[in-house]
Amino acid sequence: MAEAFLALGGNVGDVQASFDRTIAMLCDGAVVRLVARSSEYRTPPWGVTDQPPFINAVVAVTTDLAPHQLLARTMEAERALGRERSHERRWGPRTIDIDLLAYDDIALNDADLTLPHPRLFERAFVLVPLAEIAPDRVIGGKKVRDALARVDATGIEKLETR
């Protein structure tokens, strides 16, 4: 079983319900097992700033799927929840976004997938929830808590537990 970290985000519709549905679709308990789920955080938009705030979270899973298979599973879940990447503005509003952040200690860079995620260490909205569930995890040679200490987390607000 491999360990993987997935970032969840969205700012259209009932994002928290979308997270619940996403996790249920991804984590069947056999091929993909949920290990940990962070709190949810309201975060300022990144990239395109003229849009509503996002809600972000991170989950840790174990899986028998290979990295590309896990990526395909996340994209199927996005489509099932109404995301149409071909009709979106890059970094714009979306119902759900699922990013594969890391998969074991694999470093990969091909046309479909880069591991660890190429912007992981730039994004406080990912590092804050990741540090909640895996502060001492080393990804790409960097400890998560140390990476978080190097980014500006201004405006990130932990949401109340539902």
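Author: In what follows, a residue is called buried when its relative accessible area is under 20%, exposed when that area is over 50%, and partly exposed in between. The model discussed here is a predicted one. By that cut-off, the buried residues of helix α1 are Val15, Gln16, Ser18, Phe19, Thr22, Ile23 and Leu26.

Reader: What makes you say where these buried residues lie around the axis of α1?

Author: They cover an arc of only 150° around the axis, which puts them on the same side of α1. As background, an α-helix has 3.6 residues a turn, so residues three or four places apart point the same way. Among the elements that cover the buried residues of α1 are β1, β2, β4, α2 and β5.

Reader: How do you know whether the length of α1 agrees with its number of residues?

Author: The expected span is 1.5 Å times one less than the number of residues. For the 12 residues of α1 (residues 15–26) this gives 16 Å, and because the end C-alpha atoms are 16 Å apart, the two values agree.

Reader: Why is helix α3 described as mostly covered?

Author: Helix α3 comprises residues 124–133, and 8 of its 10 residues are buried. The buried ones are Ala124, Phe125, Val126, Leu127, Val128, Pro129, Leu130 and Ala131. What covers them includes the strands β1, β3, β4, β5 and β8, together with helix α4.

Reader: What makes β4 largely enclosed, and which strands run antiparallel to β4?

Author: Of the 10 residues of β4, 9 are buried, so the strand is largely enclosed by the rest of the structure. Two strands are said to pair if there are at least two bridges between them. Strand β1 is joined to β4 by 9 bridges and runs antiparallel to it, β2 (residues 32–37) is joined to β4 by 5 bridges, again antiparallel, and β3 is joined to β4 by 3 bridges, also antiparallel. Set against the cut-off of at least two bridges, each of these counts therefore qualifies as a pairing. Individual positions show the arrangement: Glu3 stands opposite Thr62 in β4, Thr62 is also the bridge partner of Arg33, and Tyr41 has Asn56 of β4 as its partner.

Reader: Why is Pro67 called buried or exposed, and what does Pro67 touch?

Author: Pro67, which lies in helix α2 (residues 67–80), has a relative accessibility of 12% and therefore counts as buried, the cut-off being under 20%. Leaving aside residues up to four places away in sequence, Pro67 touches Leu100, Tyr103, Ile106, Leu113 and Leu115.

Reader: What makes Ser39 buried or exposed, and which side chain joins that of Ser39 in a polar contact?

Author: Ser39 lies in the loop between β2 and β3, and at 18% relative accessibility it counts as buried. The side chains of Ser39 and Glu132 are joined by a polar contact of 2.9 Å, and since the cut-off is 3.5 Å, the value satisfies the distance condition. Ser39 also touches Asn56, Ala57, Pro129 and Lys158, among the residues that are not within four places of it in sequence.

Reader: Why is the pair Glu40 and Arg37 called a salt bridge?

Author: A salt bridge requires a side-chain nitrogen of Lys or Arg within 4 Å of a carboxyl oxygen of Asp or Glu. In this pair the closest N and O atoms are 3.0 Å apart, so the criterion is met. Glu40, at 9% relative accessibility, counts as buried, whereas Arg37, at 32%, counts as partly exposed.

Reader: What do the salt bridges of Arg42 and of Asp99 tie together?

Author: The side chains of Glu157 and Arg42 meet at 3.3 Å, N to O. Glu157 lies in strand β10 (residues 157–158) and Arg42 in strand β3, so this pair ties together parts that are 115 residues apart in sequence. Both residues are partly exposed, Glu157 with a relative accessible area of 41% and Arg42 with 34%. Arg123 and Asp99 meet in a salt bridge at 3.9 Å, N to O. Arg123 lies in the loop between β7 and α3 and Asp99 in strand β5, so the parts tied together are 24 residues apart in sequence. Both Arg123 and Asp99 are buried.

Reader: How many salt bridges are counted by this rule, and which residues does a network of them link?

Author: The count comes to 8 salt bridges, and Glu3, Asp105 and Arg137 are linked in a network of them.

Methods:
Residues numbered from 1 in each chain as written. Predicted model: local features only at pLDDT ≥ 70, side-chain atom pairs only at ≥ 80, totals over all residues. Heavy atoms only, no water. Buried < 20%, exposed > 50% of the residue type's maximum accessible area, 1.4 Å probe, protein only. Helix = DSSP H or I, 4+ residues; strand = E, 2+ residues; numbered from the N terminus. Contact = heavy atoms within 4.5 Å. Arc of directions from axis to C-beta. Polar contact = N/O pair within 3.5 Å; in protein donor to acceptor, adjacent residues only side chain to side chain.
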